[in-house]
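This report walks through a protein model step by step, beginning with its strands and ending with its interior. Please keep the sequence and the 3D view at hand while reading.

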Amino acid sequence: MKHGFVKLALAKAEIRLGAVSHNVEEIKRLSQKAIKEKAEVIAFGELSLTGATLEDMRNYSTILESAERGLKELVDFSKTCPIIIVCGFPKLVNGSIVSCAAVIEGGVLHDTVESQSNNYAVVTTFKCPSLSLNFGVVLGESFSTTFVEHPQLVINISKGVALIDSYYERNQTIETISRHHKCAYAYVCSGFNESVGCNIYSGDRIVFELGEKILAQEGDNEELYFAEIDIDSVSKHRVLSSSNLEPLVSYGESGIEIPAKNHNADITRHVDNLPYVPDNAEFERIFEILGRGVFTRMKQAKAEKLILGLSGGLDSTSVLVSVARMFEKYGLNKKNIICVSLPSAPSSKRTRNNADALIQAFGVTGMTIPINDAVSQHMKDIGHSSTTDIVYENLQARERTQILLDLANKYNALMLGTSDLSEIALGWATYGGDQIAHYNINSGLTKTLIRAMLRNYCLITSNEQAAHIITDVLDTPISPELIEGQDTEKTLGPYEVHDFYLYNLIIKGFNVGKVEYLATRAFPDIKRELLLEYLETFITRFFANQFKRHASCEGIRISYYDLSQKKIPSGFSPDEFLKELRGLKDEKTKKVAKKK
């Protein structure tokens with residue numbers, strides 16, 4: 001597939017116990033069907049050539065010899081079938097019958113994997129340069145396999161007995177393995193037509209990638225399920241991770257090369273356009289983490305109160321909700337939360353009213369300190385008259401910060417910042433202004449996550465007055481209100497897109513071409529030209545504003561996907577990123593000219 005994806009088919013063949021010829025034809029049929037869907041790898045359950053529940057019949061030479069002939073037939077078949085086939089068969093090894101896995105491609109049996117006495121097997125990695133893939137194969141239900149090398153993909157072919165909690169437990173286990181070992185893990189097991197004399201076989205097909213569920217299907221509903229696995233993401237994650245990999249294979253030689261065919265197909269898997277927004281169930285956990293952080297920092301600083309600038313906008317509202325919930329949890333007096341409204345000439349009536357209403361709704365202490373006179377005096381002092389330039393914008397932010405810090409001294413309060421991760425990434429903050437605070441609890445929250453958290457809060461809270469006001473805050477165009485009519489997203493582009501770029505370009509480490517490719521699928525309603533324009537804005541601003549991040553205060557880490565662990569030099573040039581971006585723009589221009 002394109003851009004480092006590999007398409008894996010997990011198959012449920014209609015196996016007949018002991019009928020090897022029939023089973024071989026089933027494997028052929030499903031392999032051909034998978035190729036039509038541009039799959040590069042197909043995996044079948046354990047002992048798929050014979051059936052997994054042979055019991056003593058597996059010891060008979062008729063079955064073993066038939067399995068051997070069937071394997072040779074599949075090898076011949078693979079000469080004209082451009083897909084890697086992973087299937088299971090029984091084999092006589094040192095006087096014992098063992099379950100094995102065959103890895104077949106291009107008319108070659110590249111290797112067989114043998115089960116061990118402890119009911120699982122490990123194998124060398126198979127390397128496919130055309131797919132930028134190395135993978136390993138294991139057999140059986142044991143998930144404790146360790147590898148000398150570090151396959152990006154582990155394929156587990158198993159029998160898969162169906163028990164009450166087996167599907168749930170397999171999902172949990174595979175999720176943990178894929179996250180801990182920084183790999184993709186695919187599981188496929190026996191199903192339809194196996195013996196049901198005692199056990200029922202589940203037919204489960206499960207794939208996790210770096211702890212993220214890609215596929216999870218229980219039972220025999222479909223004969224083929226497909227998973228498009230981002231092998232490039234696995235590789236990038238390992239490179240960018242600061243921790244060392246723990247071994248995943250402990251047996252065998254390394255590096256059997258398979259010249260597999262890359263079908264170079266477009267991806268069809270869902271591309272999340274809100275990668276920072278978790279399930280609703282996680283929002284309460286996030287508020288709890290934020291509250292615990294602020295409570296602990298207050299104790300450490302021996303601060304009696306909290307102080308924040310409340311603008312009536314999205315970010316400061318989120319901070320107020322977080323700390324109000326924290327005060328309620330720990331039985332603190334909410335009057336010790338001091339919310340300061342600091343309006344200037346560009347501040348809108350709507351945001352000023354919402355700020356006042358929020359103070360009333362949450363029962364906190366409110367203060368209003370207009371900064372018009374201070375701003376005018378400062379402009380006079382420095383000999384500046386324009387009210388539409390960056391000087392005018394920044395001096396308002398700095399004046400507000402100065403007042404908040406001085407009030408914090410006066411009331412022995414911890415001054416909280418409100419800049420979120422999206423603004424921090426884009427440098428959308430005034431150096432020496434709203435970039436400064438004692439503690440910033442929004443530093444791990446993107447704008448899209450804050451929106452989602454507040455929407456969810458409005459749905460679940462019993463504070464109807466607060467919910468009504470916050471609903472209007474959510475509907476208010478995002479603006480720092482430092483000049484008349486300012487609209488951040490009209491200036492920079494949508495925060496949904498910038499958060500997407502932050503996640504994929506900086507956190508995931510994808511190249512510019514892949515980020516643009518994914519963006520066109522995540523945002524099909526936005527023209528490609530605009531997505532490229534927004535990407536240029538993001539790249540330029542992100543690297544140019546690293547110096548602000550170096551001088552920022554401490555904050556709270558909420559996920560693995562913030563900037564707290566990124567060490568980027570202030571003088572880093574984005575030239576190579578922009579060069580790749582220009583190449584994409586030129587490519588688009590050439591295509592348009594060719595059509596004309």
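In this predicted model, Val138 has Asn156 of strand β8 as its bridge partner. That bridge belongs to the pairing of strand β7 (residues 133–139) with strand β8 (residues 153–158), which runs in the parallel sense over five bridges. Both strands are part of an open sheet of seven strands, whose order is β11-β10-β9-β8-β7-β6-β13 and whose pairing is mixed. At the edges of this sheet lie β11 (212–217) and β13 (256–257), each of which pairs on one side only.

Strand β1 (residues 5–11) can be described through its two partners. With strand β12 (residues 224–230) the pairing is antiparallel over seven bridges, and with strand β2 (residues 41–43) the pairing is parallel over three bridges. The table gives one pair of facing residues for each partner.

| Residue in β1 | Residue opposite | Partner strand |
|---|---|---|
| Lys7 | Glu228 | β12 |
| Leu8 | Val41 | β2 |

Together with helix α1 (residues 20–36), the strands β1 and β2 make a right-handed β-α-β unit.

Is β1 buried or exposed? Seven of its seven residues are buried, so the strand is largely enclosed by the rest of the structure. Both of its faces are covered, with Phe5, Lys7, Ala9 and Ala11 buried on one side and Val6, Leu8 and Leu10 buried on the other.

Helix α16 offers another case to examine. Its 17 residues (528–544) should span 24 Å at 1.5 Å a residue, and this agrees with its end C-alpha atoms, which are 24 Å apart. The buried residues in α16 are Arg528, Leu531, Leu532, Tyr534, Leu535, Phe538, Ile539, Phe542 and Phe543. Because they cover an arc of only 160 degrees around the axis, these residues lie on the same side of α16.

Turning to the interior, the largest nonpolar core has 89 residues, and within this core Phe362 and Tyr501 touch the most other members. Helix α14 (residues 495–507) supplies the largest share of this core, namely nine residues. Leaving aside residues up to four places away in sequence, Phe362 touches Leu320, Val321, Ala324, Lys334, Tyr457, Asn463, Ala466 and Ile470. Another core, of 32 residues, lies apart from the largest one, and its members include Leu133, Ala186, Val188 and Ile229.

Note on methods:
Residues are numbered from 1 along each chain as its sequence is written. This is a predicted model: local features need pLDDT of at least 70, side-chain atom pairs count only at pLDDT 80 or more; totals for chains, interfaces and linings use all residues. Side-chain values use heavy atoms; hydrogens and water are left out. Helices (H or I, at least four residues) and strands (E, at least two) are DSSP runs, numbered from the N terminus. The expected span of a helix is 1.5 Å times one less than its number of residues. Buried means under 20% relative accessible area, exposed over 50%, partly exposed in between (1.4 Å probe, protein chains only). The arc is that of the directions from the helix axis to the C-beta atoms. A nonpolar core is a set of buried Ala, Val, Leu, Ile, Met, Phe, Trp, Tyr and Cys residues joined through side-chain atoms within 4.5 Å. Contact means heavy atoms within 4.5 Å. Two strands pair if DSSP finds at least two bridges between them. A crossover is right-handed if, with the strands pointing away from the viewer, the path from the first strand over the helix to the second runs clockwise.
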